[in-house]
Amino acid sequence: MKIGIIGSGHIGGTLTRRLCALGHDVTVTNSRGPQSLTDLAAETGATAGTLEETVQGAELVIVAVPVRAVPDLPAALFDGKLVVDADNYYPERDGDIPELLDRSLSSSRWTAEHLKGAQVVKVFNTIRAPHLMDNGRPAGAPDRIALPVAGDDSAAKRVVMELVDELGFDPVDGGTLDGSWRQQPGTPVYGADRDADGVRQGLAEARP
């Protein structure tokens with residue numbers, strides 16, 4: 001696939017490395033500009049691009065930036081795109097966002113409202129970057145970690161779940177974007193590296 005990745009930090013950088021190694025055509029961007037990504041591009045074979053270059057040609061766009069940066073993304077650029085939201089809201093980093101502080105919206109619903117016209121799917125927010133890098137396992141392995149995948153569009157979710165499987169993790173249907181609070185920080189599945197049954201159990205046990 002042609003994949004665009006916005007953000008080159010822990011999760012964005014890790015996904016750049018993993019997806020390039022799997023043979024995907026990856027373009028990566030960050031807030032500091034393509035020149036800051038020379039080393040990552042040389043290491044992985046990814047293309048360092050502007051935001052526009054990263055999004056426009058992509059079949060799938062991964063957003064891995066601080067939540068506070070989401071409103072700065074030009075919504076029109078994402079119209080019609082499949083967007084993977086790998087973000088988490090951390091008030092100490094992102095500041096006070098009332099709808100997220102009082103949990104009246106899931107962070108992914110909040111992101112989707114900023115990127116109207118995109119099909120947003122939530123995943124990769126529950127796993128630590130080193131585990132995402134090193135702990136992928138073949139299908140059927142007894143120690144395979146599962147990742148919850150939430151979204152409103154079943155076709156978009158299916159594409160993302162296939163990518164999760166290719167990366168070496170069991171995709172578990174996490175329901176809708178409104179229900180994706182069940183995989184946010186502070187819930188049983190967050191950072192827990194559970195298997196598929198454990199993720200299903202953790203999602204069911206989550207409390208607002």
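A residue counts as buried under 20% relative accessible area, as exposed over 50%, and as partly exposed in between. By this rule Arg137, at 28% relative accessibility, is partly exposed. The structure described here is a predicted model. Its secondary structure comprises nine helices and eight strands, and 12 salt bridges are found in the structure.

**Overall form**

- The protein has 208 residues and a radius of gyration of 16 Å, which agrees with the value near 17 Å for a compact globule of that length.
- Along the principal axes, the C-alpha atoms occupy a box of roughly 45 × 40 × 30 Å.
- Of the 208 residues, 52% are buried.
- When contacts between residues at least 6 apart in sequence are considered, 64% of them join residues at least 24 apart.

**Surface and charge**

- The exposed area of the protein is about 9100 Å², of which carbon and sulfur atoms supply 49%.
- The protein carries 20 positive and 30 negative charges, and the mean positions of the two sets lie 3 Å apart.

**Helix α1**

- His10 belongs to helix α1, which covers residues 10-21.
- The relative accessible area of His10 is 70%, so this residue is exposed.
- Between His10 and Ala21 there are 17 Å in space, C-alpha to C-alpha, for a separation of 11 residues in sequence.

**Helix α6**

- Helix α6 spans residues 107-114 and is largely enclosed by the rest of the structure, because six of its eight residues are buried.
- These buried residues are Ser107, Ser108, Arg109, Trp110, Thr111 and Ala112.
- The elements against which the buried residues of α6 pack are β5 (82-85), α5 (98-101) and β6 (119-122).

**Salt bridges**

- Side chains of opposite charge can pair when their charged atoms come close.
- Asp25 and Lys2 form a salt bridge through their side chains, with an N to O distance of 3.1 Å.
- This pair links distant parts of the chain, since Asp25 is in strand β2 (residues 25-29) and Lys2 is in strand β1 (residues 2-6), 23 residues apart.
- Both partners are partly exposed: Asp25 has a relative accessible area of 37%, and Lys2 has 35% relative accessibility.
- Another salt bridge joins Asp85 to Lys122, whose closest N and O atoms are 3.4 Å apart.
- Because Asp85 lies in strand β5 and Lys122 in strand β6, this pair ties together parts that are 37 residues apart in sequence.
- Asp85 is buried, at 1% relative accessible area, and Lys122 is buried as well, at 0%.
- Asp143 and Arg137 also form a salt bridge, in which the closest N and O atoms are 3.2 Å apart.
- Asp143 is partly exposed, with a relative accessible area of 46%, and Arg137 is likewise partly exposed, at 28%.
- A network of salt bridges links Arg68, Arg93 and Asp94.

**Asp87, a buried charge without a salt bridge**

- Asp87 is located in the loop between β5 and α4 (91-94).
- Although buried, Asp87 has no salt bridge, and the nearest side chain of opposite charge, that of Arg93, is 6.4 Å away.
- A salt bridge requires the nitrogen and the carboxyl oxygen to be within 4 Å.
- Beyond its neighbours within four places in sequence, Asp87 is in contact with Val63, Ala64, Val65, Val67, Val70, Ser107, Lys122 and Asn125.

Notes: Residues numbered from 1 in each chain as written. Predicted model: local features only at pLDDT ≥ 70, side-chain atom pairs only at ≥ 80, totals over all residues. Heavy atoms only, no water. Buried < 20%, exposed > 50% of the residue type's maximum accessible area, 1.4 Å probe, protein only. Helix = DSSP H or I, 4+ residues; strand = E, 2+ residues; numbered from the N terminus. Contact = heavy atoms within 4.5 Å. Rg over C-alpha atoms; globule rule 2.2 N^0.38 Å. Areas by Shrake-Rupley, 256 points an atom, 1.4 Å probe, with all protein chains shown as cover. Lys, Arg positive; Asp, Glu negative; His and termini not counted. Charge placed at Lys NZ, Arg CZ, Asp CG, Glu CD.
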